[in-house]
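Please open the structure in the viewer and follow the selections below in order. Each stop names what to select and what is found there.

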Amino acid sequence: MPTDRPRPARQSFRGDAVQTQVPTDLVERLHRFARDHRVTLFSAMLAGFSALLQRYTNQHDLVVGTGVANRRLAETENLLGMVVNTLPLRLDLAGQPGLTELAGRVQETTMAADAWQDVPLDRLVDRLDVRRDPSRNPLFGVMFSFHDSRIPDLAFGGLDGRLTYRHNGSAKTDLNVVAIPAGANEITLIWEYATDLFDAETAQRMVAHYFALLDAALADPDQPVDRLPMLPETELRRVLAAAQGKEEPYPADATLAEMFGQVVARPDAVALCHRDVELTYAQLDVRANAVAAQLRKAGVGRDIAVGILLPPGVDLVVGLLGALKAGGAYVPINPQLPDERIRWMLADSGARAVVTWPALASSIQGLPVVFPDAKNAESVARESGPRSLAYVIYTSGSTGRPKGVMVEHRSVLRLVFGQDYLNFGPAQRITQALEPSFDASTFEFWAPLLHGGTLCVIDPEVVQSPVEFAAEIRRLRVTTTLLTTTLFNEVVTMIPDAFAGLDAVLFGGEAASPQRLRALLAGGSAPGRLVNYFGPTEATTCTRTPVASMLSRPLRRPCQSVRQSRTPARTCSTSPAVRSASGCRGSFMSAVPGGARGYVGRPGLTAQRFVPDPYGPPGSRLYQTGDLVRWRPDGELEFLGRVDEQVKIRGFRVEPGEVAAVLTEHPQVADATVVVTGEGIDKRLVGYVVPLAAELTAADLRDHLVDRLPAYLVPAAIVLVDALPLTTHGKVDKAALRPAARAETEVLTRPRTDTERKVAELCAALLGVAAVGVLSDFYAAGGHSLLASRLVAQVNEAFGVRVRLAEFLLRPRLADLAAAVDAATADAAADTAALDKAIDAGPVRTYQRELTDLLANLDDLSDDEIEALLSEPETGGSR
């Protein structure tokens, strides 16, 4: 159950209580309900209380304690003293019961338990052999009791007495609710709570939720209790106000191409740079017009998809803008994907043409191909509008195939206009460092290009090396960068001052590390602004923009023109009209003006995930993100996890079900499941497979996946098992699957040289294993791109060489890395020998010696120092 504070290691039993009267109208209706449905008042009230607990905990199998008088025998009826016993009641809320059905279940459970009220609770605990935990009570942590014995008249000796309730400052359980009927339509409620866990305001709010839930349940007793509203009107208004983003104007009636046309008025400004290539806005406009003209001839127009099969660079940006100018919607596709997946995405999106290079066109079948260096520069007439598709991005799907998310122009413009999380404008130099098919690249492309800034493209192999990335953002004079949280953590760890001097650093995709943030902020090298963005592809990248210095897990405030909501965490089909209460976990819902249109070719899934918004204007929708959150007492939303199995691994959105489905497509696989293990940078996928044939190996299955899935979806380990363990409900018991050792099926090849030995030692230490074979595939051994960057950095430092990360990513075996080290060492030795020979061959003038020293120490000089040396005036005519 959600608490205000973490549970202490040992209970103190300190407590307090809220005492209140159940509203008279509610008491009358409870009595009437109990009579009409032939249940006790206790059963009706406990049914409502169990429904409240279900909403707080998202559990459907609850154990609640209750006190019983334990005076069934005639011999004990008049016995003085306390003989009360406590019964544990196991309450079943499965199957979405209404109050009528639930009260009947509670009554049956209570009657069955009453037969055992003579059994002392401590004896039951001993027989069940419950593991003792000093932080909580065994069997149950919540009680609900009913004091329905008649209280005698307090009149004696001519004096009249009045009964008062005094609390003794203790709490026997986390919550202990006592209902005391005191008349025909009067019930006193004492809501006792452990003060180690709850504040008084929280307890009072719980009481209000209980009354609101009972009121709604009595009004519609057959409505499933997990769909009933539980917020009082005042709290509902407060929640809706907190969820509303500030409305700011943005060009909702324009298109991306039109907004780009406005900044082309600065034709000589640099729009794009990549490596040593720069394009002005005028040059970019001419090239994009040429591509647009060719696409229009190929039949591209409004809402027609265009595949962009290109790596990051100038040509990719030309292709994106050309597709938009032609009126179409771009579909970014990584050329490194398997050919089968590329063809499937083109077919699923309905692409009419593809922009690519001649060398990549072999994977295209039956579609017109347009090259990004097209020469026809004629402009094309506008064909798209603000509600037209701007792009389709594919994300992992649980069915075994990715799902295409369709996003309109106005959604992109909402992202980069009318916002306050960044100072947009011509002075901004923003990196394009993320995978173009990653939804956050939407910000990277259009934040600079629609405001007259400069888009600075950084090659993927440079991005994956924190050292090279830090050097590149300095060389490009970057002002703003956007990274995955995993990469952000790596850069901060390895290059603490990498972001010094930047205006802003945005990072997201996963929860931030408070330790890394504290280190960055304390080190004095933080950028001007840190933004931990949050938002799914379906909400056009960003729905929340928290300030990272909060150093916790709140989602903070919504972006401008974004509204958020929350429903109980039952299922994604919960009516959005139902709002969860403060402290309750619920499903995060986003109301974005013009959020994603839906999923390509999946109207059923679109209707399931995009539901009508009862609090928005006509036609508005809420997107059910699947994220679990809760309102904190301070009004912030706190991220708790997922309602499904979707995870983020190094920034990529992963549905383990998609990988499992592809595994079962193998003709020799009977069954398969995929689980996620590890945390943070060590998070990885592990596949468990039941083979049909004894000769099937993990290597065979890995090859099967590599041919069909992107690299980030290929499990780090594949384990062959005789059968998948099942729960009593027939589902895979993932907790019972044995842990997978990294590269457990591999025969290790021992190091053969001193270099291989040192490289293998560094790799084993990085992966946390005893040994790694030098012929092992680094990825199959449990590595990934960020660990690869660490390994290469450590190897370069250990050997005093500079092996490029790209070399290792292309040949990810330790033997190849060791060979690259040996080659770099040999090259360095040869260069040194040649230089020494030249110096020894004859007289060397002073400036030659100075030049030699300068080159030898070049890496230690700043850009300003180098510029000063190069511009130093010649003297004496000797230079």
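Begin with the aromatic side chains of this predicted model: select every Phe, Tyr and Trp ring, among which the count comes to 18 aromatic pairs.

From these, select tryptophan 191 and tyrosine 210. The two rings form a tilted pair, with 5.9 Å from centre to centre and 55 degrees between the planes. Now colour the backbone by secondary structure. Tryptophan 191 belongs to strand β8 (residues 186-194) and tyrosine 210 to helix α6 (residues 200-219), so the pair ties together parts that are 19 residues apart in sequence. Are these two residues, tryptophan 191 and tyrosine 210, buried or exposed? Both tryptophan 191 and tyrosine 210 are buried.

Next, extend the selection to the aromatic cluster in which this pair takes part. One cluster is formed by Phe42, Phe49, Phe144, Phe146, Trp191, Tyr210 and Phe211.

Move now to helix α9 (residues 281-297) and select aspartate 285, which lies in that helix. Its relative accessible area is 17%, and aspartate 285 is buried, because the cut-off for that class is under 20%. Which residues does aspartate 285 touch, if those up to four places away in sequence are not counted? Display Phe260, Val264 and Lys325: these are the residues that aspartate 285 touches under that condition.

For the next stop, select helix α12 (residues 409-416) together with helix α13 (residues 441-449). The two helices pack at an angle of about 75 degrees, and their axes are 10 Å apart. Helix α12 is therefore roughly perpendicular to α13, as angles of 65 to 115 degrees fall in that class. Show the side chains at the contact: α12 contributes Val412, Leu415 and Val416, while α13 contributes Thr442, Phe443, Trp446 and Ala447. By class, this contact of α12 with α13 has six nonpolar residues, one polar residue and no charged residues.

Finally, clear the selections and view the whole protein. There are 26 helices and 32 strands in it. Of the 879 residues in the protein, 52% are buried. Switching to a surface representation, one has an accessible surface of about 39500 Å², with 52% of that area belonging to carbon and sulfur atoms. A contact map offers a last view: among contacts between residues at least 6 apart in sequence, 67% join residues at least 24 apart.

Key
Residues are numbered from 1 along each chain as its sequence is written. This is a predicted model: local features need pLDDT of at least 70, side-chain atom pairs count only at pLDDT 80 or more; totals for chains, interfaces and linings use all residues. Side-chain values use heavy atoms; hydrogens and water are left out. Axes are lines fitted to C-alpha atoms, for helices over the stretch in contact, and angles run from 0 to 180 degrees between N-to-C directions. Helices (H or I, at least four residues) and strands (E, at least two) are DSSP runs, numbered from the N terminus. Angles under 35 degrees count as roughly parallel, over 145 as roughly antiparallel, 65 to 115 as roughly perpendicular and the rest as oblique. Contact means heavy atoms within 4.5 Å. Ala, Val, Leu, Ile, Met, Phe, Trp, Tyr, Cys and Pro count as nonpolar, Asp, Glu, Lys and Arg as charged, and the others, Gly among them, as polar. Rings of Phe, Tyr and Trp (its six-membered ring) pair if their centres lie within 6.5 Å; planes under 30 degrees apart count as stacked, over 60 as edge-to-face and the rest as tilted. Buried means under 20% relative accessible area, exposed over 50%, partly exposed in between (1.4 Å probe, protein chains only). Accessible areas come from the Shrake-Rupley method with a 1.4 Å probe; for residues, only the protein chains shown count as cover.
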